[in-house]
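Reader: I have a few questions about how the parts of this model are described. Please show the structure and then take them one at a time.

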Amino acid sequence: MHIQELILRLQRFWADRGCLIGQPYDLEKGAGTMNPLTFFGALGPKPWNVAYVEPSRRPADGRYGENPFRVYKHLQFQVILKPSPARVQELYIESLEAMGIDFSKHDLRFEEDNWESPTLGAWGVGWQVVLDGMEISQFTYFQQVGGLDCRPVSAELTYGIERICMFLGGYDNIFDLVHGEVKTDDGVFPVTYGQMRQREEFELSAYSFEHADIDLHRSLFDAFEKEGWRLMKEHGHFLSAYEQALKMSHTFNVLDSRGAVSTTERPGIIKRVRDLACACAKAYLEFETTDLVARAAQQTRAKGGA
Amino acid sequence: MNEVRTFLLELHCEEIPARFLGPLTRDFSAAFEAWASSQGLGAGTLESFYSPRKLAWRGTLAAAQPNQTETQVGPPQRMCVDEAGRPTLQGQKFAEKWGVAFEAVRFEQPAGKKEPCAVLTLTKQGRPSVDLLAEALPGLIAGLHVPKAMRWGHSEFEFVRPIRNLLALFGTTVVPITVDGVQATNTTWGHRLFHHQVPEPVAIPTPEAYEAALEQAGVVVGVDTRRSRIAAQLEALAAEVGGRPVADAELLDTLAEIVEFPNIVRGDFPVNFLELPKEVLVTSLREHQKSFCIERADGELLPCFLTAANRTDDPEGFVKAGNEWVLKARLYDARFFFAADRKLELAARLEKLKMLTFQRELGSYYDKTGRVVALVKTLASRLSTDDEHIERATEAARLAKCDLRTLMVGEFPELQGIMGGEYLRHEGAHEEVWMAVKEHYRPIGAEDALPTSALGALLSLCDKLDTVVGCFAVGLIPSGSKDPLALRRAGQGLVRILWERGWALSPGDLIATALRVVGERATRPAGETAEALSAFFRDRVAYQLELAGYPGSVRRSALAAGWEDLADLKARCGALTAFAEDPRFASLAQSAKRIGNILKDEAPADRFNQEILQDPTEQALAFRLEVLEGTDDMGALLAALADLAQPLEAFFGSVMVKCEEPALRGARLSLLHRLRRAFLRLADFSLWQ
């Protein structure tokens, strides 16, 4: 199956089941969870179902486009369901069927895999979903995000798009995957993942392992942190401050893949990102709560006036 | 009464982590059994079942609590009835209080009363068990301790994973309970695949029908049944290709815990991956794919693997093909690491160890390497005069930790040491060097083998010595159940190596040497640390004696006579054990205690004049003393000691040691003092019993 077809089917499936279809957030990030649609969406009481694709960057996983299975950047398809539905596992299995997986011929297991993001102050419990021996999804019940308890609890489903495509098509090399077909007056031209991305993999791997300026990234990290706290403290702006936290996180990942972070330093650096992210979460929740109160008051006034 | 019925409870959940299944079923069984016996429902043990989505228990209980009779004693008879025999107000009130008519009241004289009193025998009806179960089960379920509990949806209820169905039967009756909104029924759910075709739940008409009904629905609910079926399939499928599964009891348990229906699939991987070291293949397959490798009789691996599938069949070969595909991807990665790591000499990573913290106060792995090198140099030159050998030992110590910065160890931490050794072998290092690096983490646990090479043993010893001594020196000392750095395990490994190798290195000497090497990094006074370490190693040595299987009497008495020279301790324990059953030692032990008491507040001289001794029994002892002090062989010494039992008894029978005459008394005390010293070369016999 073409990559774009898989994404379209997943979007259709989840839209039909009452999810908003979101868009990737235009900042570098390591996982779909970091998108504000999830980070803030999973907080607070309001019902929230959303699905979107997120390009996710893991600098240390870069292999210069030479490894047929590992890449610097891959696509995650992310679904958030709040509150987690009673039939959430069944819904997930139906989504696999929508992708064309005939469940009666395959082996499916849910194996314990608890998720934790120390940079986001978030953790949950759940599984890796294993199809015929391959991990195709991550399934998490969020317990905390931004250091705050999730009430109600969200279910997060994350599909590894490239992996599933390779698996379904029996591909041995990620770069042979077909993204889609370009049809012009001159004919039909299938475009592979390699054509679209291999050079990017090469350059970005080289950047994160060799070329990234360590001193620059260290000072960027400090600057993003300072900027984030300024936005939080002087303006109470949690969305723009959160962007600074995302930038810190990616900058840290680059430093890490450059081998510039010692094991002693590491927990301290992660904590600096987490502190800012947690402050954003707290401010968001306060904003939501006062906003809800204000709206409720407005409604009461409106009714009273009629 | 005495009617019993079978009880069955099943919590059907979303997939429960394998590691919690056993503990949760056991904890509930214990809590339930305690509750049942407290209610007088019988103390039968529960049978338990589990699978990834199920926790279940079955057992028999009395249908109802037994009736209980109790006697109530009221006021004296004279106050309850008047002279005409009519009930008084007080008499009527007593009957009313217990809810019976006055006619039920008897008058008799209970024990301890001086006159006849009003007496009532009341029968308390036992309650039906189903009611008691309905009241108690929700609390017993909610009370289960879950190490990593979760919430889901809107609920505040916490459990290991969401509960989706509740089956609770007592005989054929449903126990009416509700847990977090889920109401109990007499149905449950089978395998997901089964319900793909059959949308209705599975009816469980009676508790006895449980396993059979579930097997019909694709679930083998007994873990032991699953394990034995898996083990049989593993053997059979490996035999088909002329091999056997590489033994791994833990992996077998895991496979039995992650499937509801056991079915083993054999797959192949490209033969060229066999270039990878065996340890890499076995670890990669186990860690990433929960798969067994297959080995031939000579230990060589075959290009095949075995893994469990959670379904009865593989109709189109997708399960086999899928697992093969993933395994290939994993092995490709392993091969990438193996190739990429070897592009750079292992030694080139030494500098990079500066970035890797060993422990905050003790510095980086680079610092640790420096200390281990110093220790190896010192100790190797004590054990050998061969300069080349010492040089190789130092080289191995220098390179031992470099593999911590390789990609392979980053991916599989359990391959530390092994990879360093493999890479050095590929670089053409001396066999002694690469072997030592490869083996230097051994023994990892109590069951693990020791390093086979002398150099490996020395390196392992020095590495562990530095870890233990370094941590003690900065105040990281294990206490009670707290030993986060596994120092006891490291210390035990060190003692085992010394014990087996028989090297002339005493723990006290090792402690002093290592403390000098730790030097300025220590945060506590060296004397204090040395004392704590000495006590620590004495415990490790005591445990080593236990592991070696010596009887308690031998261990106690031999250890008390000194433990610093392990080779000597071993020889003494061996000699003592051979004589442990000899009845003469019981008598010797008695005498040794007596000598201990007599000498308690005395400081007798070493020398004494034999001529003074008068009694033939003491003259006999003095004669034997010469023999005892003259022998160096532990066996001979022991035989001489055994022969001493009877003369000592005779001595104490006829001689009063602390007599009036000072010279005689001094000589006798000196005699005993020297006898004791001779004993103590072997053991403190006063601790024999």
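Reader: How far apart are the C-alpha centres of domain 4 of chain B and domain 5 of chain B?

Author: In this predicted model, those centres lie 42 Å apart.

Reader: What makes domain 4 of chain B and domain 5 of chain B count as in contact?

Author: Contact is judged residue by residue, on C-beta atoms within 7 Å, and therefore not on domain centres. Six residues from domain 4 of chain B and four residues from domain 5 of chain B take part. On the domain 4 side, α17 (487-501) and α19 (526-547) of chain B each give two or more residues.

Reader: How many charged residues does that side of domain 4 of chain B have?

Author: The count is no charged residues, with five nonpolar and one polar.

Reader: Which residues of chain A make up its domains, and what is the contact between them?

Author: Domain 1 of chain A spans 3-205 and domain 2 spans 213-297. Their C-alpha centres lie 24 Å apart. The contact pairs 20 residues of domain 1 of chain A with 22 residues of domain 2 of chain A. The domain 1 side has 11 nonpolar, six polar and three charged residues.

Reader: How many residues of chain B are in contact with chain A, and which element gives the most?

Author: 34 residues of chain B meet 32 residues of chain A under the contact criterion. α5 (192-197), β16 (301-309) and α10 (318-342) of chain B each supply at least two residues to that side. α10(B) gives the most, with 10 residues. By class, the chain B side has 17 nonpolar, nine polar and eight charged residues.

Terms used
Residues are numbered from 1 along each chain as its sequence is written. Chains are lettered from A and ligands numbered from 1 in the order in which they are written. This is a predicted model: local features need pLDDT of at least 70, side-chain atom pairs count only at pLDDT 80 or more; totals for chains, interfaces and linings use all residues. Two residues are in contact if their C-beta atoms, placed from the backbone, lie within 7 Å. Helices (H or I, at least four residues) and strands (E, at least two) are DSSP runs, numbered from the N terminus. Ala, Val, Leu, Ile, Met, Phe, Trp, Tyr, Cys and Pro count as nonpolar, Asp, Glu, Lys and Arg as charged, and the others, Gly among them, as polar. Domain bounds come from an automatic or database domain assignment.
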